[in-house]
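Colleague: Please take a close look at one part of this model and then set that part against the rest of the chain.

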Amino acid sequence: MNSSDLYARLRETVLVALTKVVPGLPEDVAARVEITPPRDPAHGDMATNAAMVSAKAARLPPARIAAALVEHLTAAPEIASAEAAGPGFVNLRLRPEALRALLPVILAAGEGYGDAATGAGIKVNVEYVSANPTGPMHIGHCRGAVVGDALANLLGKAGFEVTKEYYINDAGAQVTALAWAAYWRYLQAIGSPMTEEAFAAEVPGGLQYKGEYLIGVGQTLAKEYQAALATADLGIESPEVWLDVVKDHTINAMMTEVREDLRLLGVQQDVFTSERALVASGAADAVIERLHADGLIYEGVLEPPKGKTPEDWEPRPQTLFRSTSFGDDVDRPLRKSDGSNTYFANDIAYHADKISRGYDVLIDVLGADHGGYVARMKAAVRAVSQDSVKFEAVLCQIVHIMRGGQPVRMSKRAGTYVTLRDLLEEVGKDAVRFTMLTRKADAQMEFDLDQVLATTRENPVFYVQYAHARCRSVLRAAAEMFPGSPPDGEDLAAAPVDTLTGEPELTLIRRLALWPRTVEAAAAAREPHRIAFFLYDLAADFHMLWNRGKDDSTLRFLQADQPAETRARLALVAATAVVIRSGLAVMGVTPVEEMR
RNA sequence: GGACCCGUAGCUCAGUUGGAUAGAGCGUCGCCCUCCGAAGGCGAAGGUCGCACGUUCGAAUCGUGUCGGGUCCGCCA
């Protein structure tokens, strides 16, 4: 148990009392006992459902248990009063000193405050972004990148051993088409007279990637590879000569861009796994072999999807994976009709690879268009790992960019395509990251460019950053006011804080007390957005305190003639700053020292 | 035809995994402030949590059905 978690400590107290009231309390009932801050502050600091959840096991009405609990709890040292209420709640009012005692704990722990142990000993792999290396990253990728990165940070804070991973989808038809497009730019770079139409007619599947971002790739090819390529027949009719070289170079160039995009977004992943390398190693075939040995592979014919039969549909025997044995709706094909592996087959091999690296949980952060993919992947991971590894998916819904209340149409042709780079340049990394986390991942979101740039309360990024800047500003001013003992860190942790008696101060401390619990709950739910909302609420509590000093200067944090009281308030301010920083660190947002 | 996600105030969204009288911001209305501790403060109105059953002490939350929006459903990745 984390001793800096006030709620966890109190829960222990309640459980001890409950076992006295209900001897032989079953484990599963004890696990359901919660300590929560009541919605209505009039109900006290905390409330517990202990009486209600144990009523059945105890064969007593909740009210009776609650009454008995009240007696025991009133005797607890940190509890000022307890009372039974409503359908069987026990409302607890803490002694203010129990709340204040949290401040030195927070200051001593620093940004480690809120670290949890719920994930101790559990290895998690979080795979995110994993965009095709076929062009610059756009807004769609951005949300997954931010959510995945923040989720990984969050799990790390909750004690999990986390690996951040990127799966490079560099095999298959897409990158072959990309290589052809790069080859076209190469021809242009060396002054080939061939027209685009003539070229496109020669390309299997047509010329797909017409973006200008490949011009530079073509030029580099011309410069660096011409010597090597020139010895061979470079004709369009002999792609086997150059395709692999061009593909290699183009993928590398694209991945360099992607990595730069990620770096600008503050995303740093630990492992990059190449699908192409995986395929080349024969991993996919090996996995299919294994599943075959387990009787999970067969040759069969799939039914066409009802209501939407493709025009060229004809029944064909295929190599199928028995995913229905693991809860999927239909069995899934592993080989195309030409015998090559499907993306799914390669992906099974990839996840098998992750499993072999010893993870207990695999989390994929995916776009919403992959929703239909989750069941089969879950099935595959269960099959490959003998049910020992858990697969989870976090789906990110679409982001609509808004400006002036109007949606910004994304069109490559019209040139209104918003790349991640554009977005970062316009609003900055921190605002992008924070804003992407102000919605549940599985809800569609509108990204309002005007709001993100606004310097008012309606902009959560600004509001939270401003709270931190105000904290830091107070601490800086304090250093000038008391040059002898600059208030910081350990010094403030030792400051007596019993002068903090006002309700707004205690409200703020209650919020700070919720941080460890917020981390645990958000990590368990895989919902990093909860951190953003917590910080917003925390900022609101702090701003409220600050605003009191605007009206009444005797309520300001710094009072030159009251050094002791000032130090107590500084401890509160410093603790607030610590928690904000701790939360922003999870989100990958840089805390600012001052607003400019 | 089926699967998954979403449906909460006029708008954009939270809702601590089943708790008490469902919240925030914006917008609307009213009052206060114009102080660099700048980039506001206080308050009001606004809700059948899409709808209907069900589960139980208790449902926005869980189950079934239904309506609406989104995503997807063999050889794209």
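Modeller: What follows begins with one helix and its neighbour and then goes on to other parts of the chain.

This is a predicted model, in which local features need pLDDT of at least 70 and side-chain atom pairs count only at pLDDT 80 or more, while totals for chains, interfaces and linings use all residues. Residues are numbered from 1 along each chain as its sequence is written, and chains are lettered from A and ligands numbered from 1 in the order in which they are written.

The helix chosen is α17, residues 429-436. Helices are DSSP runs of H or I with at least four residues, strands are runs of E with at least two, and both are numbered from the N terminus. Six of the eight residues of α17 are buried, so the helix is largely enclosed by the rest of the structure. The buried residues are Ala431, Val432, Arg433, Phe434, Thr435 and Met436. Here a residue is buried if 20 or more other C-beta atoms lie within 10 Å of its own, exposed if 12 or fewer, and partly exposed in between, with C-beta atoms placed from the backbone.

Helix α16, residues 420-427, packs against α17 at an angle of about 105°, with the axes 7 Å apart. Axes are lines fitted to C-alpha atoms, for helices over the stretch in contact, and angles run from 0 to 180 degrees between N-to-C directions. The two helices are therefore roughly perpendicular to each other, a term that covers angles of 65 to 115 degrees; under 35 counts as roughly parallel, over 145 as roughly antiparallel, and the rest as oblique. On the α16 side the contact is made by Leu423, Leu424 and Val427, which meet Lys429, Ala431 and Val432 in α17. Contact means that the C-beta atoms of two residues, placed from the backbone, lie within 7 Å. By class, this contact has five nonpolar residues, no polar ones and one charged. Ala, Val, Leu, Ile, Met, Phe, Trp, Tyr, Cys and Pro count as nonpolar, Asp, Glu, Lys and Arg as charged, and the others, Gly among them, as polar.

The setting is chain A, with 24 helices and 15 strands. Of its 596 residues, 40% count as buried, and its C-alpha atoms fill a box of roughly 85 × 60 × 40 Å along the principal axes. Among contacts in chain A with a separation of 6 or more, 74% are between residues 24 or more positions apart.

The largest nonpolar core has 167 residues, of which Leu69, Val90 and Ala571 touch the most other members. Such a core is a set of buried Ala, Val, Leu, Ile, Met, Phe, Trp, Tyr and Cys residues joined through C-beta atoms within 7 Å. Helix α24, residues 563-587, gives the largest share of this core, 14 residues. Leaving aside neighbours within four places in sequence, the contacts of Val90 include Ala47, Ala66, Leu69 and Ala84.

One open sheet has four strands in the order β1-β2-β4-β3, with antiparallel pairing. Its edge strands, each paired on one side only, are β1 (35-36) and β3 (79-85). Strands pair if DSSP finds at least two bridges between them; three bridges join β2 (46-48) to β4 (89-94), and Met46 stands opposite Leu92 in β4. Helix α4, residues 62-74, lies across β3 and β4 and runs at about 175° to β3.

Another open sheet has three strands, ordered β8-β9-β10 and paired antiparallel. Here β8 (297-301) and β10 (332-333) are the edges. Five bridges join β8 to β9, residues 317-321, and Glu299 stands opposite Thr319 in β9.

Three single residues complete the account. Phe462, in helix α19 (residues 460-481), is buried, with 21 other C-beta atoms within 10 Å. Not counting residues up to four places away in sequence, Phe462 touches Ala454, Thr455 and Thr456. Most residues other than glycine have a negative phi. Asp387 has a positive phi, near 70°; this residue sits in the loop between α15 (374-384) and β12 (390-396) and is exposed, with 10 other C-beta atoms within 10 Å. Arg526 also has a positive phi, near 55°. Arg526 lies in the loop between α22 (515-525) and α23 (529-551) and counts as partly exposed, with 18 C-beta neighbours inside 10 Å.
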